[in-house]
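Here is a walk through one protein model, written for someone meeting it for the first time. Have a look around before reading on.

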Amino acid sequence: MDIGRELHQIRARLERVERSARLSHASLDGTAITVKDGTGTVRGAIGMQPDGTLGLIAVDGPPPGAPTDPVVTPSIGGLRVVWDGALADGSALPADFAHIAVHVSTSSGFTPSAATFVGTITASGDGGMLPVTPLPYEPHYVVLIAVNSSGIPGPASAETAATPLQVEGPDLVAGSVTAGHLQAGSVTAEKLEAILQLASRIVAGDPSGARVELNEDGLRVYNGADVLVIQFNAADGSAVFSGNITGSDISGSTVTGGLIQTAASGERITINEGDDNKIFIYDAAGVGVASLTPGGIGLVGPLGNAMAISPATTIPSIRWFNIAGTKVAKVQASEVASQAVRIETISSRFTSGANTDWIWHQVMGEDAAYIERMRDDGLFSTYMGGALYLLPTYARLTNNNTADPTLISRLTLGAAFAYFENRLEVLAPASANSALYVQAVTAHTGNLLRLYRDGDKLTVDKDGNTVAAGSISAANEDQGTVNAVMTAVSSVDVTVTFNKTFPTTPRVTVSLRGNPTLPAGSSALIARPFNITTTGCTIRVSDVGGVARTLTHAVDWIARST
């Protein structure tokens, strides 16, 4: 490796990085950069703000400087306060400038406080004007204070003094100016200022009865009983109605309190009916068909059947009701300790036998599911009929019977095996196919069939070799073994009872098992059947030479019908 060349390449790349624009390909995705001062105190945020806007928001910035002196002009019953939008020292307004607080007092050199605050001038750059009314007819002193967006005020401006104007003679009162005092055409638009400032109120109607009143608080409407029925508030732009609003559109506003409905009767939608914080929907007959309440949603079909969605209960559920309202089925959800949510389906109750509270119950939970037929008697411990259980390690089809467990049957499917509990019958229909068929792959080495009861009774290995603990008989055949006991006799008769009844008299063959030990010079033993019937026979074992014997010898017999 050429170390010199490597160092040269690294130096060239570093110079390109240093010459390139910083963050030329960077972005802020839905967030903001926090700006802190040298002490670690947060001073602002650049980027996406909490209200969804973009920009720079200053936090706890330094107090703004003192504003320029206010320009105060007397008006009738008040003052007009004007600010030119600049600071006294000529510096620029800070980026976090919010507004100018206007303070007025009748004492010179006063300290601005909440008691002297009369309003704000929010315009920046070009300044603004604030009318202050009503004021008594005496000297007033006005100062301005700049406030930043963090609510931190700066120093006050210098005072400016002015005295509100008073018309010649006494103040106007209600009824003091009548139509006779005004000359026709004497009040025209050009005679009025662009801003008409009033120190009292304007009343249209009876001052103590039905009227519309305009004053510094806003617009008020009173009925004939001098009760306030409509009000528009100048302070916050809110409105209050105590009557009905008919045939109007309301856009971009908040309606608080009262009843909202699309019609007074019949098919309609109501909100907050009876001050109950609910929404109801009525059909053409005026019958409630749907509701939205803090507890959930209710719906009624055209035939009377209903459903309810209840998310606010301990176990949230969806319920379905029959037309009579006497039966209900539901799906409900519950959270287990691991925070997993399981779904439970419960049918409506039905009658079976002497019990009227049977249900079908289905659960899909955390890595397990089952469906079963059970009694909804509060104990939930009586099961009867089919059931299905699904778990990670097995699936089980069960016929339950809590009353008699001996009648329970189960088919379980596990990993690479299946087993059945209780009796198994194969009732095959007429067919050319096998009623019971077992097929194993070539590599299989175990038995093809194994019958077990306290030990193997019958096995068939992979090659078809069959081992039976008992005898195996054909349909027309029976077989067995009896012992012939001879005690100092030359012959003995042994009675044999067949294991089945033959339709006709069978043919019986017998044979002595093995060779009995006989005395020297003795003759042989023979066995033959006689008295053969469809249910049994007699086997006689005798010495051919008539020699008396004392011994026990096994005799095998086979009976076959033709």
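A residue is called buried when its relative accessible area is under 20%, exposed when the value is over 50%, and partly exposed in between. Tyr-282 has a relative accessible area of 13%, so Tyr-282 is buried. Keep in mind throughout that this is a predicted model.

**The overall picture**

Let's start wide. The protein has 562 residues, and buried ones make up 22% of them. Its secondary structure comes to 1 helix and 41 strands. Looking at contacts with a separation of 6 or more, 36% link residues that sit 24 or more positions apart. The accessible surface is about 36900 Å², and carbon and sulfur atoms account for 56% of that.

**Two nonpolar cores**

Which residues touch the most other members of the largest nonpolar core? They are Val-482, Val-496, Phe-498, Ile-539, Val-541, Val-555 and Trp-557, out of 18 residues in that core. Several strands each chip in at least two residues: S36 (477-489), S37 (491-497), S38 (507-512), S40 (536-543) and S41 (549-560). S41 gives the most, with 4 residues. As a rule, nonpolar side chains in soluble globular proteins tend to be buried together.

Val-496 is a good place to zoom in. Leaving out residues up to four places away in sequence, Val-496 touches Val-482, Thr-535, Gly-536, Cys-537, Ile-539 and Trp-557. Apart from this core lies another one, made of 16 residues, including Trp-83, Leu-135, Val-142 and Leu-144.

**Rings**

The structure holds 6 aromatic pairs. In one of them, Phe-280 and Tyr-282 have ring centres 6.4 Å apart and planes at 45 degrees, so the pair is tilted. Tyr-282 is the buried residue we began with, while Phe-280 counts as partly exposed because its relative accessibility is 22%. Elsewhere, Phe-498, Phe-502 and Trp-557 form one aromatic cluster. Two names there should ring a bell: Phe-498 and Trp-557 also appeared among the core residues that touch the most other members.

**A run of antiparallel strands**

Now follow strand S27 (residues 355-365), which pairs with S25, S26 and S28. The table sets out these pairings.

| Strand pair | Sense | Bridges | One facing pair |
|---|---|---|---|
| S25 and S27 | antiparallel | 4 bridges | Ile-343 and Met-364 |
| S26 and S27 | antiparallel | 2 bridges | Ser-352 and Asn-355 |
| S27 and S28 | antiparallel | 8 bridges | His-361 and Glu-372 |

Two of these pairings are hairpins. S26 and S27 have 2 residues between them, and Gly-353 in the turn shows a positive phi of about 70 degrees. S27 and S28 also have 2 residues between them, and in that turn Asp-367 has a positive phi of about 65 degrees.

**Backbone oddities**

Which peptide bond is cis? The one from Thr-133 to Pro-134, with omega near -15 degrees. Pro-134 sits in the loop between strand S8 (128-132) and strand S9 (140-148).

Gln-339 is not a glycine, yet its phi is positive, at about 75 degrees. You'll find Gln-339 in the loop between strand S24 (328-335) and strand S25 (341-346). Is Gln-339 buried or exposed? Its relative accessible area is 62%, so Gln-339 is exposed.

Ala-488 has a positive phi as well, near 55 degrees, and is likewise a residue other than glycine. Ala-488 lies in strand S36, one of the strands that supply the largest core. Even so, Ala-488 itself is exposed, with a relative accessible area of 55%.

**A buried glutamate**

One last stop is Glu-213, in strand S13 (residues 211-215). Glu-213 has a relative accessible area of 5%, so it counts as buried. What does its side chain meet? A polar contact of 3.4 Å joins the side chains of Glu-213 and Arg-211. Glu-213 and Val-203 are 10 residues apart along the chain, and their C-alpha atoms are separated by 4.5 Å.

Conventions. Residues are numbered from 1 along each chain as its sequence is written. This is a predicted model: local features need pLDDT of at least 70, side-chain atom pairs count only at pLDDT 80 or more; totals for chains, interfaces and linings use all residues. Side-chain values use heavy atoms; hydrogens and water are left out. A nonpolar core is a set of buried Ala, Val, Leu, Ile, Met, Phe, Trp, Tyr and Cys residues joined through side-chain atoms within 4.5 Å. Buried means under 20% relative accessible area, exposed over 50%, partly exposed in between (1.4 Å probe, protein chains only). Contact means heavy atoms within 4.5 Å. Two strands pair if DSSP finds at least two bridges between them. Accessible areas come from the Shrake-Rupley method with a 1.4 Å probe; for residues, only the protein chains shown count as cover. A polar contact is a pair of N or O atoms within 3.5 Å; within protein, one must be able to donate a hydrogen and the other to accept it, and residues adjacent in sequence count only if both atoms are side-chain atoms. Rings of Phe, Tyr and Trp (its six-membered ring) pair if their centres lie within 6.5 Å; planes under 30 degrees apart count as stacked, over 60 as edge-to-face and the rest as tilted.
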